Amino acid sequence: MSRWKAPRPKSSPYITPAGCPRLEHELKDLWLKRKGVIAALSAAAAEGDRS
């Protein structure tokens, strides 16, 4: 099987006034998830598991 994918259709590079708060909320959520991931990685590293 081929791994080729058709290119995505072109979209607008602009952020709408309605889209800006949505993106800011998504960014805050990602930072919160990051804290959990860092804690899990630190715990695993403390036990010697780095895989």
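Here is a short chat about the predicted model shown above.

Residues are numbered from 1 along each chain as its sequence is written. In this predicted model, local features need pLDDT of at least 70, side-chain atom pairs count only at pLDDT 80 or more, and totals for chains, interfaces and linings use all residues, while side-chain values use heavy atoms, with hydrogens and water left out.

Reader: How many helices and strands does the protein have?
Author: Helices (H or I, at least four residues) and strands (E, at least two) are DSSP runs, numbered from the N terminus. By that count, the protein comes to zero strands and one helix.

Reader: Is the protein spread out or compact?
Author: The globule rule (2.2 Å times the number of residues to the power 0.38, with the radius of gyration taken over C-alpha atoms) gives 10 Å for 51 residues. The radius of gyration here is 19 Å, well over that, so compared with a compact globule the protein is more spread out.

Reader: What is the distance between the end C-alpha atoms of α1?
Author: The expected span of a helix is 1.5 Å times one less than its number of residues. For the 28 residues of α1 that should come to 40 Å, and the model agrees: the end C-alpha atoms are apart by 41 Å.

Reader: Is P13 buried or exposed?
Author: P13 sits in the segment before α1 (19–46). Buried means under 20% relative accessible area, exposed over 50%, and partly exposed in between (1.4 Å probe, protein chains only). P13 has 69% relative accessibility, so it counts as exposed.
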